[in-house]
Amino acid sequence: MRYWIAIFVLIPFLTLAQEQNHNHSEDQNPFEQSTEYVCPMHSQVVRDEPGTCPICGMDLVKKEPKQDHSEHEAENEDENEAKSEKSFTVPESSQQAIRVTTAKAVRKDLQPQLMAQAQVRWQESAQRHIHSRAEGWVEELHADVEGQWVEKGDKLYSLYAPDLVVAQDDYLQLLDSLSDIRNGDSQQSFKRRGQQRLRLLGMSEAQIKALEQGGETEYVVDYYAPESGYITSLDIQEGMYVSPGLKLLTLTQDNQLWFFADVPARYSKQLKTGQMAHISSEHFPSGHWMNTIDYIYPQVDPETQTIKVRIPVNDSIDRLREGLWATAHIELEPVKDAVVVPVASLIVTGMNNRVVVKSGEREFEVREVTTGLRVGNEIAIEEGLQEGESVVTSGQFLLDSEASLQGLGLDSSDEAPAPQHNH
């Protein structure tokens with residue numbers, strides 16, 4: 001009797017314990033999780049309800065539940081072996097939030113269409129600087145307009161030079177004393193020395209001969225153009241005191257012009273002397289000039305990051321004025337069989353150039369690349385990328401930042417552990 005009484009007393013307690021154990025096991029179910037919302041770019045921001053990120057202001061997205069590791073352990077291990085050590089996972093909802101777009105790397109030929117700004121300049125070898133051989137004063141300036149054309153032998157200026165007056169007097173005295181020298185060879189030697197002194201001071205052969213015939217010293221001596229050309233620089237005025245170190249004016253020959261074209265430095269590997277250039281100018285709608293590049297300057301302009309190339313042109317200054325702007329189309333050799341991606345996919349930093357490669361539906365990798373020629377909106381990749389791989393063309397900067405936060409970016413140390421986020 002006591003036995004049955006004990007059983008009836010214990011049954012309610014056993015039933016209550018079973019119900020409590022059942023409820024506790026349901027609370028501890030690891031596969032049932034409450035819904036969480038996370039920022040696509042700041043994974044440490046986690047909320048239990050929708051909203052915006054307090055850091056960047058982006059809308060929070062629903063966090064995808066984790067799968068049962070016990071059921072997919074073998075599958076995940078296989079995938080992890082195939083993944084790159086630098087790859088990281090981005091949920092599809094996060095990709096949509098940051099509007100990720102991709103493009104495939106393709107293999108093709110690039111034909112550069114190089115158009116550069118050019119300007120007319122005088123040839124350096126066509127310019128001649130005029131200096132006075134003697135110190136003195138400019139009594140009269142005959143060629144007094146910059147841009148004036150002068151013929152060879154035209155009078156440029158007249159100079160009073162005390163040293164030249166003394167040299168003329170000495171030469172006339174020498175001529176008077178030659179009769180006292182009986183040796184003919186000695187007479188010619190003294191005469192040549194006197195003439196040479198006058199030449200070195202700037203007198204012409206005709207002026208020396210006129211001095212010998214007239215026997216009178218010229219106190220103001222005229223100086224003449226040694227060749228024909230334009231006066232492209234005029235640095236003296238009447239009454240100025242001049243010396244041999246002062247440049248008086250510059251004569252530049254006609255039909256001695258160059259086009260200087262400024263080519264972007266990225267085309268340096270494709271530039272070669274002998275390449276044909278077609279030049280046109282809006283100031284001459286019917287004008288067209290063709291010639292080959294005869295010199296490529298070695299330095300890069302630090303301000304414009306361009307390389308200067310020289311293109312000779314045979315045309316008169318009557319049509320082409322120095323300083324005139326024109327457009328040069330240079331024929332470059334094509335780049336054959338190059339791996340090409342959109343320029344928009346490239347991340348350029350002071351340390352390297354890189355792209356974000358999409359290797360799976362959720363898998364991404366930041367990869368360093370070596371770039372080549374750029375043509376329009378496309379750029380050749382010489383190293384770091386294979387044909388057919390997908391690169392991110394929109395949202396790559398956010399993905400690159402996320403990789404850096406996880407310690408997987410190219411600027412991160414390989415030994416540095418990925419940062420831990422406390423949710």
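Isoleucine 311 is buried, with a relative accessible area of 0%; here buried means under 20% relative accessible area, exposed over 50%, and partly exposed in between, for a 1.4 Å probe and protein chains only. The residue lies in strand β20. Helices (H or I, at least four residues) and strands (E, at least two) are DSSP runs, numbered from the N terminus. Leaving aside neighbours within four places in sequence, isoleucine 311 is in contact with residues including Trp258, Phe259, Ala277 and Ile279, where contact means heavy atoms within 4.5 Å. Between isoleucine 311 and threonine 273 there are 9.6 Å in space, C-alpha to C-alpha, and the two are 38 residues apart in sequence.

The model is predicted: local features need pLDDT of at least 70 and side-chain atom pairs count only at pLDDT 80 or more, while totals for chains, interfaces and linings use all residues. Residues are numbered from 1 along each chain as its sequence is written, and side-chain values use heavy atoms, with hydrogens and water left out.

**Helices**

Helix α7 spans residues 396-405, and its buried residues are Gln396, Leu399, Asp400, Glu402 and Ala403. Seen down the axis of α7, these residues fall within an arc of 160 degrees, so they line one face of the helix; the arc is that of the directions from the helix axis to the C-beta atoms. The buried residues of α7 pack against β4 (87-89), β23 (347-348), β24 (353-358), β25 (363-375) and β27 (390-394).

A further buried residue, glutamine 95, has 8% relative accessibility and lies in helix α3. Not counting residues up to four places away in sequence, glutamine 95 touches Val90, Val100, Lys358, Glu361, Arg362 and Phe364.

**Backbone with positive phi**

Most residues other than glycine have a negative phi. The table lists residues with a positive phi.

| Residue | Phi | Place |
|---|---|---|
| Arginine 99 | about 60 degrees | loop between α3 (92-97) and β5 (101-104) |
| Glutamine 305 | about 55 degrees | loop between β19 (295-300) and β20 (306-313) |
| Glycine 407 | about 75 degrees | just after α7 |

Arginine 99 is exposed, with a relative accessible area of 66%, whereas glutamine 305 is partly exposed, at 46%.

**A three-stranded sheet**

Three strands form an open antiparallel sheet in the order β2-β1-β3. Two strands pair if DSSP finds at least two bridges between them. The edge strands, each pairing on one side only, are β2 (46-47) and β3 (61-62). Strand β1 (residues 37-38) is joined to β3 by two bridges, and the partner of tyrosine 37 in β3 is lysine 62.

**The second largest pocket**

The second largest pocket has a volume of about 470 Å³. On a 1 Å grid over the protein atoms alone, a pocket is an open set of points where a 1.4 Å probe fits, with protein on both sides within 12 Å along at least five of seven lines, and lining residues have an atom within 4 Å of a point. A volume is the space filled by probe spheres set on the points, which are joined across faces, edges and corners.

Of the 19 lining residues, the closest to the centre are Arg133, Gly202, Tyr223, Tyr224 and Pro226. At least two residues each come from β8 (127-131), β11 (155-160), α6 (205-214) and β12 (221-224), and β8 gives the largest share, four residues. The lining divides into eight nonpolar, six polar and five charged residues. Ala, Val, Leu, Ile, Met, Phe, Trp, Tyr, Cys and Pro count as nonpolar, Asp, Glu, Lys and Arg as charged, and the others, Gly among them, as polar.
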